[in-house]
Amino acid sequence: MSLAIEAEGLVKHYGSVVALEGLDMSVPEGTVMGLLGPNGAGKTTSVRIFTTLLKPDKGLARVNGIDVATHAAEVRSVIGLSGQYAAVDENLTGYENLDMVGRLYHLGKNTSRKRSRELLDQFDLDEAADRQVKTYSGGMRRRLDLAAALVARPSVIFLDEPTTGLDPRSRIALWDVIADLVAQGATLLLTTHFLDEADRLADKIAVIDHGRVIALGTADELKSQVGGERLEVTVASPDQIAPAASVLTAIGMGAVTIDEHTRHLTVPVSSEGETLVETLRALDLQAVKVLDLTLRRPTLDDVFMTLTGHAAEEETNQ
Amino acid sequence: MTTIASALADGAVVAKRNLLKIARVPDLLVFSTIQPIMFVLLFAYVFGAEIVIPGVNYREYLMGGIFVQTCIFGATITGSGLANDMKNGIIDRFRSLPMARSAVLIGRTTSDLLNNTLVVVIMALTGLLVGWRIRTSFLEAAAGFLLLLLFAYSISWVMATVGLTVSSVEVFNNAVFLVIFPLTFIANTFVGTDGLPAPLKVVAEWNPVSAVTQAVRELFGNTPSESAVSDAWPLQNPVLASILYMILILAIFVPLAVNRYKKAASR
């Protein structure tokens, strides 16, 4: 299978701030790659390099085999980009926005007009098509922005945090739209700091931190890398965190993660035996009052925690 | 399509978008015309009574200066528009499209030129109301208006460069007015240059604003008697000097602005 997106040793520094530090990546045609990482990990910088907006200091990037640095114009005619914030013109109508993009892709007057109407229909914006975008909701703007990325039927699509700032309902609606796109055979690179989003949409996930890929695989592969299941305990009062932690340390297979604020403790455990019953008994012996106790499969949150030593949502760009 | 034809076609698409904005947000146009009208009235009625320029009615003398000042103010919308597009990520979208690299700037400066044309027309009408008169032939007057608009157009490219360099619209507005006020006041805009202290006088005589103002006054027939005009070369040959200044400004700022656009990174 040929590669739609490739990166070899991409390096990008902004002054003393390191954005990318040798990023490698390959995305086969027709697949979805999820770029997962905290803010400042280098996700947006990678997208900006692939979409010709930014030149890397070092390294190679290719889209459909075309070198991004030397043949930027050719790359631009095969890609679609939807950025972190909806880049649509507030004062134009939804239709005018798409038609403008179509004309700038040189689709020709009639094709551009037809394609714009078709997309508005497909993205459930047909009723709002001739209203100015300033009257749109956040979810509608995002859908329009995504539609704008698809006007020229690009074979490679870049979505930079497509659902950031959306309410849960709009997020799920947008996921459906993206899943449809993928079903039509496009190659997609998607950045996100939502683990459930990567899990839901991507064939493969590249976890990036401090400008490099630190893990790569399917969601299941990544989860099995961290091994075992997770036992979660919520205790009734702060003074019970310490005795509960010592119980979990004895039972678990790794370090106990403690959230003081929510009085929530997590520990990886082996999936054999009667873990739940044992834990409950041991906690009872220490007179720990338990509010909640669950055993669950590891999430990508756990993956991130294990791989990087910090939570995915936390800011790391200082 | 050839490169130039394609750049112009793309530029037209962008210009249409900007003009739609003017039509949809008419307050923008209202405020950009109220300001020059206010200046005409303030100078004509507040200062006009006290300022005497030998050999000419002050209100007639004043109009040339206010026309030029208005064109510079009007050109600032090129920079604030671009700074705003950068902030909204629209420049990123344009830069990821297979369109000509210069098209966004061509479109922007063209739509702003049309905007400025409208502003100049409104100002001219206000001027006529307060007693300004054109005392030359139709052709000379037309040349005067053409010169004004070309000057506005070249200043648009300066503003484009600044707008693409600063980080926000607010910074643009503050930065640009720091330059515009001295530029338009250390000149023959409102009073002659002869009364200025020596170093300022030289700056004023060689200021492009003075050359264009003097040229416009001559083309409209609003010049004071010979003795009141400085004998510095740009003011003795104002039309030629204005054209040379514009060529120089465009030669410097067109490539500079296109270069800034290529490198522009949002935020």
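## Close-up views of chains A and B

**View 1. An Arg–Asp pair between the chains.** B:Asp92 is buried, with a relative accessible area of 9% (buried is under 20%, exposed over 50% and partly exposed in between, using a 1.4 Å probe and protein chains only). This is a predicted model, in which local features need pLDDT of at least 70 and side-chain atom pairs count only at pLDDT 80 or more, while totals for chains, interfaces and linings use all residues. Residues are numbered from 1 along each chain as its sequence is written, chains are lettered from A and ligands numbered from 1 in the order in which they are written, and side-chain values use heavy atoms, with hydrogens and water left out.

The partner to look for is A:Arg48, whose side chain meets that of B:Asp92 in a salt bridge of 2.8 Å, N to O (a side-chain nitrogen of Lys or Arg within 4 Å of a carboxyl oxygen of Asp or Glu). This pair crosses between chains, running from helix α1 of chain A, home of A:Arg48, to helix α4 (residues 90–95) of chain B, home of B:Asp92. Helices (H or I, at least four residues) and strands (E, at least two) are DSSP runs, numbered from the N terminus. A:Arg48 counts as buried too, because its relative accessibility is 11%.

**View 2. A second crossing, with Asp on the chain A side.** Here A:Asp89 and B:Arg17 join their side chains in a salt bridge, with N and O 2.5 Å apart. A:Asp89 sits in the loop between β6 (79–82) and α3 (94–104) of chain A, and B:Arg17 in helix α1 (residues 3–24) of chain B, so the pair crosses between chains. Buried or exposed: which word fits A:Asp89? At 6% relative accessibility, A:Asp89 is buried. B:Arg17 is likewise buried, with a relative accessible area of 6%.

**View 3. The wider meeting of chains A and B.** Step back a little, and 30 residues of chain A come into contact with 25 residues of chain B (contact means heavy atoms within 4.5 Å). The size of an interface is often given as the accessible area lost when the parts come together. Buried area is what two parts lose in this way (1.4 Å probe), summed over both. For chains A and B it is about 2,400 Å², and carbon and sulfur atoms give 57% of that. On the chain A side, A:Arg76, A:Tyr85 and A:Leu104 lose the most area to chain B, together 28% of what that side buries. How many salt bridges lie between chain A and chain B? The count is four. One of them pairs B:Arg24 with A:Glu96, whose closest N and O atoms are 2.8 Å apart.

**View 4. A Lys–Asp pair within chain A.** The structure holds 20 salt bridges over all chains, and the one shown here links the side chains of A:Asp57 and A:Lys12 at 3.5 Å, N to O. A:Asp57 lies in the loop between α1 (43–50) and β4 (58–63), whereas A:Lys12 belongs to strand β1 (residues 3–14), so the pair ties together parts of chain A that are 45 residues apart in sequence. The two partners are worth viewing side by side: A:Asp57 is partly exposed at 43% relative accessibility, while A:Lys12 is buried at 12%.

**View 5. A glutamine packed into chain B.** B:Gln214 belongs to helix α9 (residues 208–220) of chain B. With a relative accessible area of 4%, B:Gln214 counts as buried. Which residues does B:Gln214 contact, leaving aside its neighbours within four places in sequence? They are B:Asn188, B:Thr223, B:Val229, B:Leu235 and B:Pro238.

**View 6. Two arginines with positive phi.** Most residues other than glycine have a negative phi. A:Arg153 has a positive phi of about 45°, although it is not a glycine. Look for A:Arg153 in the loop between α5 (138–150) and β7 (156–160) of chain A, where it is exposed at 55% relative accessibility. A:Arg263 also has a positive phi, near 55°. Its place is the loop between β12 (257–259) and β13 (264–269) of chain A. A:Arg263 counts as partly exposed, at 23% relative accessibility.

**View 7. Chain A as a whole, for orientation.** Chain A has 11 helices and 14 strands, and its C-alpha atoms fill a box of roughly 75 × 45 × 40 Å along the principal axes. Of its 318 residues, 51% count as buried. Among contacts in chain A with a separation of 6 or more, 67% come from residues 24 or more positions apart.
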